[in-house]
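Got the viewer open? Here is a short tour, one selection at a time.

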Amino acid sequence: MSIPHLSTALRGPLLDLENRIINAMPDIEHWLRKKWRDHTIPFYCSVDLRNSGFKLAPVDTNLFPGGFNNLNPDFTPLCIQAMMSAIEKICPDAHSLLLIPENHTRNTFYLQNIATLQGIMQQAGLNVRIGTLLPEISVATKLNLPDGQSVTLEPVIRKNGQLGVQGFEPCAVLLNNDLSTGVPPILQDLNQIVIPPLHAGWSTRRKSRHFAAYDQIAEEFSTLLGIDPWLINPFFTACGQINFRDKQGEDCVAKAINQILDKTREKYHQYGVKEDPFVIVKADSGTYGMGIMTVKDGSDIYNLNRKQRNKMAVVKEGLPVSNVLVQEGVYTFENINQAVAEPVVYMIDRYVVGGFYRVHTGRGIDENLNAPGMHFVPLAFETTCLEPDTNRPNSIPNRFYSYGVVARLALLAAALELEKDHVELELKQDYLKTPEVLPT
């Protein structure tokens with residue numbers, strides 16, 4: 001298996017950052033252990049990273065990861081061990097679990113992810129069945145997959161506030177469905193553990209809130225290491241009341257773009273970066289790489305053609321975009337066989353269990369790679385990304401360890417984000433339950 005590499009030689013800031021991370025490994029792991037004790041960690045998570053040679057930063061965090069089939073099979077035992085830890089925390093007596101996937105029957109790549117995930121959980125000692133929310137599936141339906149695996153989708157049954165399938169009453173429900181279109185009634189008010197929590201779905205979650213939490217984590221971590229937080233953290237802001245088709249909210253987006261570009265340009269000058277800064281504008285919620293564009297000047301927003309406006313106006317399931325994240329673009333100078341690549345790191349509980357490179361032959365170093373035409377190459381770990389080589393500063397395991405550290409910072413930010421969202425949700429529910437007292 002080929003080992004992905006930087007197409008340019010390692011340059012000062014990132015090499016220095018990696019060295020600092022390696023040298024501070026005991027302090028980092030001690031700091032993270034304390035954080036894991038203080039916060040509820042998401043059950044699983046994947047983080048998209050970008051490595052520019054002068055900066056290593058997360059650009060997206062997914063709490064319903066859908067690419068377990070793309071991980072290096074050599075690290076399945078690591079996945080199983082991490083799964084055991086995750087389950088013991090949430091449901092110590094767990095023996096059975098209902099897995100609810102996205103509403104796909106023809107996306108074989110996604111279904112291979114579900115089959116792989118089910119296999120990991122079964123090898124962790126769980127009895128796992130797959131319950132679908134698709135109304136057209138009324139009986140158990142087996143789907144054979146190209147890689148030799150198969151999945152059996154069964155209609156979900158709700159009884160006494162709990163979900164199951166025919167002849168199966170699980171102790172918990174695991175969602176691999178990001179709830180983009182909202183929380184269906186069958187999932188509401190359950191007397192059953194649901195993981196991740198319903199408010200982790202894209203119907204309520206916002207990327208801007210995640211990166212606000214990441215700001216806090218990056219600041220604290222950077223103080224620990226004595227580094228500039230910018231080296232691991234992209235600038236961002238958000239705009240609401242957007243309608244790209246009707247050209248509503250354009251002024252906010254254009255102003256935000258120019259502000260981010262100005263701040264990034266100052267950092268580029270500080271670090272001697274010769275590239276031109278750019279900005280990514282993307283829907284503030286949602287996945288699948290939809291509703292994303294690269295811009296290099298605020299005026300670009302006013303000059304979008306109809307096709308570009310339509311592309312930015314909706315995301316998964318045709319949902320309209322009304323809020324956007326305006327984020328500093330991070331170049332990727334990593335490649336595989338001359339194709340642009342970016343690392344995606346997977347975690348179960350607090351453990352890094354592997355990852356892959358998202359590769360796209362038709363995209364540039366300043367573009368979103370999560371688009372049709374992409375393919376995946378498992379990270380070719382020589383060991384694991386938790387075993388850096390302190391004697392060889394340029395070794396590949398050091399690169400993977402740095403990936404794992406920054407990905408875990410994003411995981412920690414997700415924990416803070418969900419805790420805050422949970423508190424706000426409870427306050428809102430309490431407010432709605434409180435009867436209005438009219439003055440006498």
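One cut-off before we start: a residue is buried under 20% relative accessible area, exposed over 50%, and partly exposed in between. Select R129 with that in mind: its relative accessibility is 24%, so R129 counts as partly exposed. Keep in mind, too, that this is a predicted model.

Now zoom out to the whole protein. Colour by secondary structure and you should find 8 helices and 19 strands. Of the 440 residues, 56% count as buried. The protein exposes about 19,700 Å², and carbon and sulfur atoms supply 50% of that.

**Stop one: a sheet and its helices**

Pick out the open sheet of 4 strands, which runs in the order β12-β15-β13-β14 with antiparallel pairing. At its edges sit β12 (236–239) and β14 (292–295), each pairing on one side only. Look along the sheet and you'll see a twist that averages 20 degrees from one strand to the next.

Next, add helix α5 (residues 207–225), which packs on the sheet and touches β12, β13 (279–283) and β15. The direction of α5 makes about 155 degrees with that of β12. Then show helix α6 (residues 250–271): α6 lies across β12, β13, β14 and β15, running at about 20 degrees to β15.

Zoom in on β12 and β15 (residues 324–328), which run antiparallel and are joined by 4 bridges. For one partner pair, click A238 and then L325 in β15.

**Stop two: salt bridges**

A search of the whole structure turns up 15 salt bridges. Show the side chains of E29 and R408, which meet in one of them at 2.8 Å, N to O. Which parts does this pair tie together? E29 is in helix α2 (residues 25–38) and R408 is in helix α8 (residues 396–433), so the link spans parts that are 379 residues apart in sequence. Both E29 and R408 are buried.

Go back to R129 and add E154: they form a salt bridge, with the closest N and O atoms 2.6 Å apart. R129 belongs to strand β5 (residues 127–132) and E154 to strand β7 (residues 150–155), 25 residues apart. Is E154 buried or exposed? At 8% relative accessibility, E154 counts as buried.

Now select D349 and R350, whose side chains meet in a salt bridge at 3.6 Å, N to O. D349 is buried, with a relative accessible area of 3%, while R350 counts as partly exposed at 26% relative accessibility.

Last selection: D48, R50, E342 and R358, joined into one network by salt bridges that share partners.

Key. Residues are numbered from 1 along each chain as its sequence is written. This is a predicted model: local features need pLDDT of at least 70, side-chain atom pairs count only at pLDDT 80 or more; totals for chains, interfaces and linings use all residues. Side-chain values use heavy atoms; hydrogens and water are left out. Helices (H or I, at least four residues) and strands (E, at least two) are DSSP runs, numbered from the N terminus. Buried means under 20% relative accessible area, exposed over 50%, partly exposed in between (1.4 Å probe, protein chains only). Accessible areas come from the Shrake-Rupley method with a 1.4 Å probe; for residues, only the protein chains shown count as cover. Two strands pair if DSSP finds at least two bridges between them. Axes are lines fitted to C-alpha atoms, for helices over the stretch in contact, and angles run from 0 to 180 degrees between N-to-C directions. Contact means heavy atoms within 4.5 Å. A salt bridge is a side-chain nitrogen of Lys or Arg within 4 Å of a carboxyl oxygen of Asp or Glu.
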